[in-house]
Amino acid sequence: MEIHVLYFAALAERTGCRSEVVEVGPQATVAVLWSLLESRHPALVGLPYRPAAACDRTWTDWDASLDGVREVAFVPPVSGG
Amino acid sequence: MVALQSDPIRLERVLDGLAADGDGAVAVFLGTVRDRNAGRPVVGLTYHAWPEMALAELGKIEAQACASHGASTVRIVHRTGDLDVGEISVAIAVASAHRAQAFDACRFAIETLKRTVPIWKKERYADGSAAWIEGS
């Protein structure tokens, strides 16, 4: 299934894009998707933190299934204010 | 009312019409761009937001400040884009019946914003380099 992946801030800089479409297998989870993204974008490997993930605009655990999910966003630790 | 804006924040606009007749206190927090961080000279900040989720999270803070901290009205405005030293990055204004609730709700709002709202700052340094700040 196709997942629309969003990147923000430093992650967008590391991947060189703010969004992309990625094909994942039927049993994929957020963690599986991230592994796939690491192989596409070596600059994502070895981050000093695990990005937060939001599936279809809802904050989600990394072991959550992507079944029925259309969009996954990965966000670095926030630093607003 | 919560908002993101790329134009400079005008405090008088944030405060305009905020306090109702039943309010006896208004507390304001302004975040401003500092000229250094961890001893390193900073010439400006660039703020990047995930607008839809940032507004949703700011809306939760507004609602909770009223429901659990005694605020009667809350306004939070956060800048995006490039800011120079001294500019206002975030304005939080809280009206309430009494000062204790206004201070408490205002503090709650900024502390929660810094933990939960998907906005990021990039520091621009005097030597021309820049770095994203991750975590606050």
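In the loop that joins S3 and S4 of chain A sits Arg57(A), a residue of a model that is predicted. The phi of Arg57(A) is near 70°, which is a positive value in a residue other than glycine, and Asp56(A), which lies in the loop between S3 and strand S4 (58–60) of chain A, likewise has a positive phi, near 45°. Most residues other than glycine have a negative phi. As for exposure, Arg57(A) counts as partly exposed because its relative accessibility of 35% falls between the cut-offs of 20% and 50%, and Asp56(A), with a relative accessible area of 28%, is partly exposed as well.

Arg57(A) also leads across to the other chain, since it is one of the residues touched by Trp50(B). Leaving aside residues up to four places away in sequence, Trp50(B) touches Leu6(A), Phe8(A), Ala54(A), Trp59(A), Glu71(A), Ala73(A) and Val75(A), among others of chain A, and within chain B it touches Pro118(B) and Trp120(B).

Trp50(B) belongs, moreover, to the largest nonpolar core, which has 35 residues, and there it is listed with Leu33(A), Leu37(A), Leu66(A) and Phe74(A) as touching the most other members. The elements that give two or more residues to this core are of chain A, namely strand S1 (2–7), helix H1 (9–15), helix H2 (30–40), strand S3 (52–55) and strand S5 (71–75). A second core, separate from this one, has 28 residues and includes Val74(B), Ala102(B), Ile110(B) and Val117(B).

The interface itself can be described first by its extent: 26 residues of chain B are in contact with 19 residues of chain A, and the two chains bury about 1,900 Å² between them, with 60% of that area on carbon and sulfur atoms. On the side of chain B, the residues that lose the most area to chain A are Trp50(B), Trp120(B) and Glu134(B), which together account for 37% of what that side buries.

Polar features cross the interface too, where 16 residue pairs are found in polar contact and the count of salt bridges is one. In a salt bridge, the side chain of Lys122(B) meets that of Glu13(A) at 2.6 Å, N to O. Several elements of chain B give two or more residues to the side that touches chain A, including strand S4 (40–49), helix H2 (51–69) and strand S8 (119–125), while H3(B) gives the most, with five residues. By residue class, this side of chain B divides into 13 nonpolar, six polar and seven charged residues.

Terms used. Residues numbered from 1 in each chain as written. Chains lettered and ligands numbered in written order. Predicted model: local features only at pLDDT ≥ 70, side-chain atom pairs only at ≥ 80, totals over all residues. Heavy atoms only, no water. Core = buried A, V, L, I, M, F, W, Y, C linked by side-chain atoms within 4.5 Å. Buried < 20%, exposed > 50% of the residue type's maximum accessible area, 1.4 Å probe, protein only. Helix = DSSP H or I, 4+ residues; strand = E, 2+ residues; numbered from the N terminus. Contact = heavy atoms within 4.5 Å. Buried area = accessible area lost by both parts, 1.4 Å probe. Salt bridge = Lys/Arg side-chain N within 4 Å of Asp/Glu carboxyl O. Polar contact = N/O pair within 3.5 Å; in protein donor to acceptor, adjacent residues only side chain to side chain. Nonpolar A, V, L, I, M, F, W, Y, C, P; charged D, E, K, R; others polar.
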